Amino acid sequence: MEYSLLRAHHPYALSASPVRRKLALFGIMLVLWLYVLYSCVGSCATVPSLRADRRRPEDAGLRSGIGSRLVPQARAWEDYDQTGVGVFSRDLNNVKSDDVTDVRTFPRNVLKGNEAETETERRGGDAGGERRSPVHSGGLSTFSNGSGTKRLPQAIIVGVKKGGTRALLEFLRVHPDVRAAGAEPHFFDRFYDNGLEWYRDLMPKTLDGQITMEKTPSYFVTREAPARIYSMSRSTKLIVVVRDPVTRAISDYTQTLSKRPDIPSFESLMFKNRTTGLIDTSWSAIQIGIYAKHLDNWLQFFPMRQILFVSGERLISDPAGELGRVQDFLGLKRIITDKHFYFNQTKGFPCLKKAEGSSKPHCLGKTKGRTHPNINPAVVQRLRDFYRPFNMKFYQMTGHNFGWD
């Protein structure tokens, strides 16, 4: 009876429960719809724009052919030769690096640090051939996903050939906050016309807090490289691995000899006139070692605080010490220490106990640590006398005595 009275006095009692259920269902559908809308908007925001006017800030105005017009031109180096044995007679743009893993012939998915050498040259001539783009890269190269984002390098190993650049890069790869392109991109000396998006696409993906790097030793002797790198980013950190220029020249010749056993002797290439002792500075093996001249070009665009000089000799005798300096320069925690190295008596230089992504020891390839040919001591001394004033100038410019004399 009470139940009947309740129904009679409350006509909406029967419909209250279905209304609540409908309202609850509507609320759930509204929440789901809002969530789907939010997810769609978040996903769309990650897709890069293909419009040229919405490129990254560091890319603005830097497309091929205009970067060099946005920065001041470098002052001309006033050639000096305190030894009185010759001056520069050839442009340095044809000087080549110690790694010919040419990005023109490799797809992006196999650019993974293959160790290679240059096509050798007797007097610094370019190997020739038509300039071609290895891979066409579009605007989607900046696409970001869970594995990271491709970024332009914040640090570049710019030189020098046969100084120890490959060893330095391999050692740095051990650091978890360093990601580096495997092959030498040669962007700022050979492929600048391809544009920054092409260059960025050659870089590995990095996470926030990681540093993107590359190394191309021929940049140091390329006249246009400083201005081009400056136009990309004036805050780029530069690393130069230098080595006793006499030893470096002989090592350079040794590499060429291994490829072309029929080339003339070191002495024949070194002198313009053996009788007078006039040294041929047009030979790339000699040119590269005049570090003061090349450094002057870089200092037109970058302050000394943005350039770190690594000793090729100490990279062998004290790799952990030199890597400590490099890590400090890059703003990285000192993770690479003595525990990462052991000295290989056969090769005569240090090796990694564990390479990047491997649990096995790793030494550089058989092309490193070649035995140098015997050269007349008088010829070696003549070359030391030639380099001495340039070395003194380089010591003054860097504020460091490398002890080559």
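Lys162 lies in the loop between β2 (155-159) and α3 (165-172). The model is predicted. UniProt, in an unreviewed entry, places the feature "active site" at Lys162. That annotation may be inferred rather than shown by experiment. The relative accessible area of Lys162 is 8%. The cut-off for a buried residue is under 20%, so Lys162 counts as buried.

Helix α3, which follows this loop, contains Leu169. Leu169 has a relative accessibility of 0% and therefore counts as buried. Beyond residues up to four places away in sequence, Leu169 touches Ile157, Ala180, Ala181 and Lys215. Glu214 is 45 residues from Leu169 along the chain, yet their C-alpha atoms are separated by 8.3 Å.

The chain as a whole has 12 helices and 11 strands. Of its 405 residues, 48% are buried. The exposed area is about 20500 Å². Carbon and sulfur atoms supply 54% of that area. Among contacts with a separation of 6 or more, 76% join residues 24 or more positions apart.

The largest nonpolar core has 39 residues. Val158, Phe188, Tyr199, Phe220, Ile229, Trp298 and Phe394 have the most contacts inside this core. At least two core residues come from each of β2, α4 (196-201), α5 (225-232), β6 (237-242), α9 (291-298), β9 (307-311) and α12 (377-398). Helix α5 gives the largest share, five residues. A second core is separate and has 28 residues. Val178, Ile239, Leu315 and Leu352 are included in this second core.

Tyr199, one of the residues with the most contacts inside the largest core, also has a defined set of partners. Outside its neighbours within four places in sequence, Tyr199 is in contact with Leu152, Pro153, Ile156, Pro185, Phe187, Phe188, Glu214 and Met232. Tyr199 also belongs to an aromatic cluster with Phe187, Phe188, Phe191, Tyr192, Trp198 and Tyr219. Phe188 thus appears in this cluster, among the contacts of Tyr199, and among the residues with the most contacts inside the largest core.

Aromatic pairs number 26 in the model. Tyr291 and Phe394 form one such pair, with a centre-to-centre distance of 5.4 Å and 55° between the planes. This pair is tilted. Tyr291 lies in helix α9 and Phe394 in helix α12, so the pair ties together parts 103 residues apart in sequence. Both Tyr291 and Phe394 are buried. Phe394 is also listed among the residues with the most contacts inside the largest core.

Phe402 and Trp404 form another aromatic pair. Their ring centres are 5.0 Å apart and their planes stand at 15°, so this pair is stacked. The cut-off for stacking is planes under 30 degrees apart. Phe402 is buried, with a relative accessible area of 9%. Trp404 also counts as buried, at 5% relative accessibility.

A charge also sits over an aromatic ring in the model. The charged end of Lys237 is placed over the ring of Phe329, 5.5 Å from the ring centre.

Notes:
Residues numbered from 1 in each chain as written. Predicted model: local features only at pLDDT ≥ 70, side-chain atom pairs only at ≥ 80, totals over all residues. Heavy atoms only, no water. Helix = DSSP H or I, 4+ residues; strand = E, 2+ residues; numbered from the N terminus. Buried < 20%, exposed > 50% of the residue type's maximum accessible area, 1.4 Å probe, protein only. Core = buried A, V, L, I, M, F, W, Y, C linked by side-chain atoms within 4.5 Å. Contact = heavy atoms within 4.5 Å. Phe/Tyr/Trp six-rings, centres within 6.5 Å; stacked < 30°, edge-to-face > 60°. Lys NZ or Arg CZ within 6 Å of the ring centre and 35° of its normal. Areas by Shrake-Rupley, 256 points an atom, 1.4 Å probe, with all protein chains shown as cover.
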